[in-house]
Amino acid sequence: MEELTWMAWIPECECNSCYVGSDCSQISSDCVADVDSGDPLFLEPFWMKNAASSAMLVAGWHRMSYVFKNKSIISQLLENQIRKLHTAVGNAVTQGRFIVFGAGSIQLLNAAVHALSQENSSVQAKVVASVPFYQLYQLQTDLFRSVDFEFQGDTSLWKNSSDSSLNFIEIVTAPNNPDGQMNKAVLQGPYVKAIHDHAYYWPHFTAIAAPADEDVMLFSLSKLTGHAGTRFGWAVIRDEAVYERMSTYVKLNTLGISRDAQLRAFKLVKVIMERDGRDIFEYGHATMKSRWEKLSSLFSISKRFSLQDIEPQYCTFFQSLRAASPAYAWLKCEQDEDKECYSVLKKAGIIGRDGTLFRVEGSYVRLSLIKTQDDFDMLLHKTKKLVAQEDDWQTRSTM
């Protein structure tokens, strides 16, 4: 009976935002520009163009075991490809380092917090990050809070502490989510450790100035290839003891990472490496640069709203001066009467992510630029209308 039901099932079109109907040809009349999430669908056209070379067919009997033939839960072929990728891009040092796989970089974040908190376990580690920071840093650390570590907010609150015995784990995001800035570690001391989240340190989103060379570095397939749903990430680690503790965490937490996810990651990275990453990074950078320039141009004439400033930088990968192409626009409502900026934009049909979720005041909102082209086009449409109404708004505000 189940087989007959399955055979009779006809798949429906999966419509992009704002499109409805059996063939997704109708535009919804009440559509909003939903640019809240960081779903990296801007790379979808690239993979459609490379559909054949990136496709997989896995037989039902294949890869059924927990482990590979060498008894490892990590694919050595995939690890080798990742090392080659970093060398080609020039964004991280991997020689003489250890690599751990995780279910996205988020699982590895807490694995790193756990591993680093053990180095001075007599004192509870204070986990901190510089505002504005990605909300999940706090949410996940609070969820797994233990006697070994606890989230303690903004790094700047502890910068001038005179107590050198305090145990800190600083999360450093470069480029930063949400504002695209290349953050650096702030705290120093004998009991200060750092986790560097480099999920966005790819030529799509920023100039590659030099290979990252920190003790613990996190990367994600999501922001490299756009395959967020595969849930695959990796950590590059200098110290063997930290590597062992992180590996143990992943083994006990999930018994390793899906072999199917590793197979898909290997296939995707192999396609990328056919021209040392030039195809995907040229496409990704061109797309993000164009989106940033179009949105910046609209807001440049506004006195009510502003975007973050990102200067062009020399990129060693492209070997040229590289214009800004951030993953997110970090928008600020400049006027006192617009303190709840999220509500101001929502009223205009733009759904962003409230700045308060990044531990800053409500005058900021993050706008995602990495969703589909339809999503971005709708954002431009709503933004044009919002900025065009600014003269009317100024008249009302002075009455």
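The largest nonpolar core holds 98 residues, and among these Trp 234 and Met 246 touch the most other members. The model is predicted. In soluble globular proteins, nonpolar side chains tend to be buried together. Beyond its neighbours within four places in sequence, Met 246 is in contact with seven residues that include Val 100, Leu 108 and Ile 237. Four alanines also contact Met 246: Ala 111, Ala 112, Ala 115 and Ala 235.

The chain contains 13 helices and 17 strands. Its radius of gyration is 23 Å. A compact globule of 399 residues would have a value near 21 Å, so the chain agrees with that expectation. The C-alpha trace spans about 70 × 70 × 50 Å along its principal axes. Of contacts between residues at least 6 apart in sequence, 73% join residues at least 24 apart.

Half of the chain is covered: 50% of the 399 residues count as buried. The accessible surface comes to about 19900 Å². Carbon and sulfur atoms account for 51% of that surface. The chain carries 41 positive and 47 negative charges. The mean positions of the two sets lie 4 Å apart.

Ser 363 lies in the loop between β16 (353-354) and β17 (364-368). Ser 363 has a relative accessible area of 11%, which is under the 20% cut-off, and therefore counts as buried. Leaving out residues up to four places away in sequence, Ser 363 touches Leu 331, Lys 332, Cys 333, Lys 339 and Cys 341.

Conventions
Residues are numbered from 1 along each chain as its sequence is written. This is a predicted model: local features need pLDDT of at least 70, side-chain atom pairs count only at pLDDT 80 or more; totals for chains, interfaces and linings use all residues. Side-chain values use heavy atoms; hydrogens and water are left out. Helices (H or I, at least four residues) and strands (E, at least two) are DSSP runs, numbered from the N terminus. The radius of gyration is taken over C-alpha atoms; the globule rule is 2.2 Å times the number of residues to the power 0.38. Buried means under 20% relative accessible area, exposed over 50%, partly exposed in between (1.4 Å probe, protein chains only). Contact means heavy atoms within 4.5 Å. Accessible areas come from the Shrake-Rupley method with a 1.4 Å probe; for residues, only the protein chains shown count as cover. Lys and Arg count as positive and Asp and Glu as negative; His and the chain ends are not counted. The place of a charge is taken as NZ of Lys, CZ of Arg, CG of Asp or CD of Glu. A nonpolar core is a set of buried Ala, Val, Leu, Ile, Met, Phe, Trp, Tyr and Cys residues joined through side-chain atoms within 4.5 Å.
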